[in-house]
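Reader: I'm just starting out with protein structures and would love a close look at one part. Could you walk me through a sheet, and then show me what lies around it?

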Amino acid sequence: MKIRHSNVLCWLMDPAGNHNLGPYFAKKIIAKVFTNPANTEDEDKLSNYDVLEISSHPYHDLTVYKELQTSNRKRIDLLAVSDSHKIVLLIENKYWSGESEGQLEEYIEYTRSVYGGYKIIPVFLTLRDEEPTHEDYLMLGYSDVLAILQQLLETRKEYMNAHIHSFISYYTDILEDQLVENEKLNATGMDLYRNHKEAIDLLYSLRQGPADGDQLLFSTYQRHKETVDFIKSVGDSILKEAFLKFARKQRWPEHLYTAHFRVPHFLEESWFTHYGESDLRKSWWMNRGLIAWFERAGDRLKLRAEVGPLEHELRVRLLLGLAARGLDIKEQAYEESSQYTRIYMDAESPESWEDVSELARVMERLYQKEAFQSLLRLTNEAVVYGEEGVQSRAAEGTPIEQAFRQLLEARDIRHYQIHRRLPNFAESEWTRFPDGYQLAEKYWLGYPLIAWFRSRNSTLRLIIEVGPLPSGKRNHFLSQLEAEGVPVRALSYEEGRRFTRIFSRAVPVGNIEDAIELGEAMVRLMDSAEYCEMRGRIRRAIESL
């Protein structure tokens with residue numbers, strides 16, 4: 001089944017295909033990757049891509065390879081190469097299948113070795129929106145593919161060959177059926193897991209190989225591997241029941257929540273009453289301008305909140321109101337093309353994923369945290385008042401700005417910028433790069449290495465990043481960092497990369513509106529053994545240049 005879908009995708013992405021669409025589909029796929037909320041919420045994922053430039057290329061020269069064999073005889077599902085723009089789109093297609101251990105890293109390493117100097121865009125394409133285990137892969141869903149094709153059929157019908165139009169219509173019907181069927185199968189999987197939990201758990205426990213005397217059971221698992229793995233992955237998540245237990249305890253009216261089996265979600269009353277379906281550019285969860293939801297990610301239960309596809313003026317008013325109240329809103333969120341902006345994420349690890357009451361308790365803890373309750377207060381204000389009513393705070397500075405000023409009074413930090421959202425600094429030894437290590441473009445304080453604080457949700461984070469040095473100097477410095485034991489991603493050495501984060505640590509903060517608590521958290525981060533050790537490694541790497 002996966003190979004059939006890869007065949008269709010390969011055909012659609014080929015500009016020279018007999019569909020006569022040119023590079024339309026490939027360009028839309030690239031645009032979807034860079035606007036997928038799962039990717040845009042993680043600044044680290046997109047920081048090394050010039051999104052506007054990559055998205056604007058014509059891609060008429062794109063060559064698409066299917067089932068490309070690596071040196072270890074594994075096969076890359078799809079590889080689309082533009083030699084004129086030196087860009088490679090690497091797509092791992094997971095349609096009703098899971099990852100093999102180490103395959104994602106191997107695909108990146110193989111592509112780097114073959115296409116040295118090219119910009120590599122690794123994509124993890126799935127039916128069920130699974131997250132890849134490799135942090136460099138960008139997420140894409142078959143729901144995105146479906147949206148592209150539906151738009152294509154609607155806008156280009158008059159210009160398309162009738163047979164091509166019929167085939168793509170047939171394929172979109174298949175995807176629609178599969179996406180709906182996916183919902184039904186997940187519900188069925190949950191029922192099967194509840195009724196046969198012990199048997200499923202026993203078979204699943206044999207996935208690494210048979211124990212003594214378990215050869216027959218292992219053979220059974222191998223024959224039904226995909227079914228067992230699917231039932232385990234879906235049935236193991238009993239979020240719907242836990243969420244209903246949690247929601248009923250909150251005594252929420254039913255119009256404020258949806259007990260979805262995978263992403264149960266909810267609204268504040270002010271979000272529901274202030275926004276209506278007519279305020280949106282397109283249909284969205286519960287058709288309001290804001291949403292919050294729970295979801296499972298590995299062994300953690302996450303609570304997220306997001307601003308959705310409001311009409312542009314309404315979106316900007318809300319985002320400005322949130323920013324005026326101290327929330328970290330990226331500049332790109334204000335652009336007319338932006339439709340989704342994550343404003344909160346927190347997570348905890350339940351003691352058991354099989355205990356409804358335990359999951360409901362974790363949901364309540366996440367919901368009742370001061371950081372999330374603070375977010376609710378601030379969003380409710382921003383929804384109603386926009387930027388109004390926050391002048392006094394603007395005069396004093398944001399809480400993180402006030403905290404950073406306190407830090408400067410207590411520490412000998414000579415190179416810094418007091419920023420309202422991202423106060424930043426460079427340690428003195430980071431300013432002593434040898435000649436030839438000048439920046440290739442304007443960057444923060446004008447040094448190749450920078451650190452900054454960022455408050456978000458219930459944490460304060462300290463980040464260190466290597467900036468836009470000339471390619472050869474940059475890679476040499478990165479290799480010296482690795483020699484000193486600093487982890488550096490493989491893609492950081494790729495031609496055209498400008499930014500590489502080499503350190504990121506966070507500490508919990510009970511109230512992100514409290515400047516004193518934020519200041520204490522800054523001190524903890526800078527006094528931590530991890531930060532002190534990283535400073536030593538960086539200093540030695542600079543001295544070795």
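**A sheet and its surroundings**

Author: Let's start with one pair of residues: Leu125 stands opposite Leu140 in β5. Before going further, please keep in mind that this is a predicted model, in which local features need a pLDDT of at least 70 and side-chain atom pairs count only at pLDDT 80 or more, while totals for chains, interfaces and linings use all residues. Residues are numbered from 1 along each chain as its sequence is written, and side-chain values use heavy atoms, with hydrogens and water left out.

Now back to our leucines. Strand β4, residues 119-126, and strand β5 run parallel as partners, joined over 4 bridges. A strand here is a DSSP run of E with at least two residues, a helix is a run of H or I with at least four, and both are numbered from the N terminus. Two strands pair if DSSP finds at least two bridges between them. In general, strands of a sheet pair through backbone hydrogen bonds, either parallel or antiparallel.

Step back, and you can see that β4 and β5 belong to an open sheet of 5 strands in the order β1-β2-β3-β4-β5, with mixed pairing. At the edges stand β1 (63-69) and β5 (138-141); each has a single partner strand, so one side of each is left without a neighbour in the sheet. From one strand to the next, the twist averages 30°. The axes behind such angles are lines fitted to C-alpha atoms, for helices over the stretch in contact, and the angles run from 0 to 180 degrees between N-to-C directions.

Helices join the picture next. Helix α6 (residues 103-114) packs on the sheet and touches β1, β2 (75-82), β3 (87-94) and β4; its direction makes about 160° with that of β3. Contact here means heavy atoms within 4.5 Å. Helix α7 (residues 142-155) lies across β3, β4 and β5, at about 60° to β5.

Strands β2 and β3 also help to line an empty space. Rolling a probe the size of a water molecule over the atoms shows where such space is left. The second largest cavity has about 40 Å³ of space, and its lining is made of Met13, Ala26, Ile30, Tyr59, Leu62, Ala80, Ser82, Ile87 and Leu89. Helix α2 (24-35), β2 and β3 are the elements that give two or more residues to this lining. On a 1 Å grid over the protein atoms alone, a cavity is a set of points where a 1.4 Å probe fits but cannot get out; a pocket is an open set with protein on both sides within 12 Å along at least five of seven lines; lining residues have an atom within 4 Å of a point. Grid points are joined across faces, edges and corners, and a volume is the space filled by probe spheres set on the points.

By class, the lining of this cavity has 8 nonpolar residues, 1 polar residue and no charged ones. The classes work like this: Ala, Val, Leu, Ile, Met, Phe, Trp, Tyr, Cys and Pro are nonpolar, Asp, Glu, Lys and Arg are charged, and the others, Gly among them, are polar.

One of the lining residues, Tyr59, deserves a second look. Tyr59 sits in the loop between α5 (51-56) and β1 and is buried, with a relative accessible area of 1%. Buried means under 20%, exposed means over 50%, and partly exposed is in between, using a 1.4 Å probe and protein chains only. Tyr59 also has a positive phi of about 60°, although it is not a glycine. Most residues other than glycine have a negative phi.

Lys86, in the loop between β2 and β3, has a positive phi as well, near 55°. At 43% relative accessibility, Lys86 counts as partly exposed.

Finally, follow β4 back to where it begins, at residue 119. The second largest pocket holds about 260 Å³ of space. It has 15 lining residues, and Lys119 is among the closest to its centre, along with Glu53, Ile54, Glu495 and Gly496. The lining of this pocket has 4 nonpolar, 5 polar and 6 charged residues.
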